[in-house]
Amino acid sequence: MTALPVYEDVLKAAGRIKGQAVRTPLLTSPSLNEKLGCRLYVKAEPLQRTGSFKFRGAYNKISQIPAADRAKGVVAFSSGNHAQGVAAAATLLGLPSWIIMPADAPAIKIARTREFGASVVAYDRYKDDREAMGLELQAKYGATLVRPYDDADILCGQGTLGLEIVEQCRELGVEPDAVVVCCGGGGLVSGTALALSGAAPGVPVYSVEPADFDETKRSLVSGKRESNSPDARSICDALLAPTPGELTFALNRTLLAGGLSVTDDEVRAAMRTVFVELKLVVEPGGAVAIASVLSGKLPTNGKSIVAVASGGNVDPAMFAQIIGS
């Protein structure tokens, strides 16, 4: 494992992505706050470039590839959001990209990845080894492998979101009592926690996962990296990592206040609530942090809570079905 990144690395990442990534808004709803009995602030990353937070880390990583290696391009594996972030960042920086995506990823994510300029290679998420496929492509083209979360440059790029949360809370005169962040492999939550450890020390950060993919929650309890059952399923396609990242868990075990989990039904309810109250389209994986607040998994009475809505890349048919149910 490489050396753990530090707060200053997040600050450097913020400098690299400035002018490329969107400073997404921090949204709140007075009517929803009244119903909840707390003040909920939603960091709206569906409004980020490519529709999710993943552009932040991808641009931070790819922008540092040496000029001599750029013509060889980049390789990544992803269920969709990292794919789009890498494709867009690579194209902006003039690099070709090859993205390995599960064949059952939402069609909109596959289509958008191609639109951003990538060549898409499909795989079976339940049978194939995407990392082995990525290493094969890397060797074939001499490309740089851009991992989805277990990489210091990636997680520090994602951590710029945490810096914005602190800045925006201060602009609003708000002192957050907790920040809840979605978690798959752990890149976003570890980067956000690292940012807050320097910019707002003492503010607790919690990871939130789908109920059957709660490997980080269980790992925080056991003190070692736990794995999910290969039979586990969830509508949260962006959060189906088999086990926490080595680097991300090394940070999370020291920086996080704890781990939470939510059911698919609680995620659906959160998607409906956010659409009605904030007029924001959020994908299932992007709604888990909000779901943890709405479902009472985190005590919130009278508190100020920031929940990250991490992405909005959901198939229209699925979204319509969930919103209409």
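**Exercises on burial, aromatic pairs and overall form**

Tyr141 has a relative accessible area of 31% and is therefore partly exposed. This residue comes from a predicted model, and the exercises below start from its surroundings.

**Exercise 1.** Determine how Trp98 and Tyr141 are arranged relative to each other, and which elements their pair connects.

*Solution.* A pair of aromatic rings is described by the distance of the centres and the angle of the planes. For Trp98 and Tyr141 the centres are 4.0 Å apart and the planes make an angle of 10°. Planes under 30 degrees apart count as stacked, and the pair of Trp98 and Tyr141 is accordingly stacked. Next, locate the two residues: Trp98 belongs to strand β4 (residues 97-102) and Tyr141 to helix α7 (residues 130-141), so their pair ties together parts that are 43 residues apart in sequence. Finally, consider burial: Trp98, at a relative accessible area of 14%, is buried, whereas Tyr141, at 31%, is partly exposed.

**Exercise 2.** Carry out the analysis for Phe275 and Phe319, stating the geometry of their pair and the burial of each residue.

*Solution.* The ring centres of Phe275 and Phe319 lie 5.5 Å apart, with 80° between the planes. Since planes over 60 degrees apart count as edge-to-face, the pair of Phe275 and Phe319 is given that name. Phe275 sits in helix α12 (residues 264-278) and Phe319 in helix α14 (residues 316-324), so the pair ties together parts that are 44 residues apart in sequence. As for burial, Phe275 has a relative accessible area of 32% and is partly exposed, while Phe319, with 11% relative accessibility, counts as buried. The two pairs treated here are among the 3 aromatic pairs that a search of the whole structure finds.

**Exercise 3.** Assess whether the radius of gyration of the chain agrees with that of a compact globule, and describe the chain as a whole.

*Solution.* Begin with the expectation: for 325 residues, a compact globule would have a radius of gyration near 20 Å, and the 18 Å of the chain agrees with this. The C-alpha atoms fill a box of roughly 55 × 40 × 40 Å along the principal axes. Then turn to the interior, where 57% of the 325 residues count as buried. Among contacts with a separation of 6 or more, 74% come from residues 24 or more positions apart. The secondary structure that makes up this chain comes to 14 helices and 10 strands. Last comes the surface: the chain exposes about 12,700 Å², of which carbon and sulfur atoms supply 52%.

Notes: Residues numbered from 1 in each chain as written. Predicted model: local features only at pLDDT ≥ 70, side-chain atom pairs only at ≥ 80, totals over all residues. Heavy atoms only, no water. Helix = DSSP H or I, 4+ residues; strand = E, 2+ residues; numbered from the N terminus. Rg over C-alpha atoms; globule rule 2.2 N^0.38 Å. Buried < 20%, exposed > 50% of the residue type's maximum accessible area, 1.4 Å probe, protein only. Contact = heavy atoms within 4.5 Å. Areas by Shrake-Rupley, 256 points an atom, 1.4 Å probe, with all protein chains shown as cover. Phe/Tyr/Trp six-rings, centres within 6.5 Å; stacked < 30°, edge-to-face > 60°.
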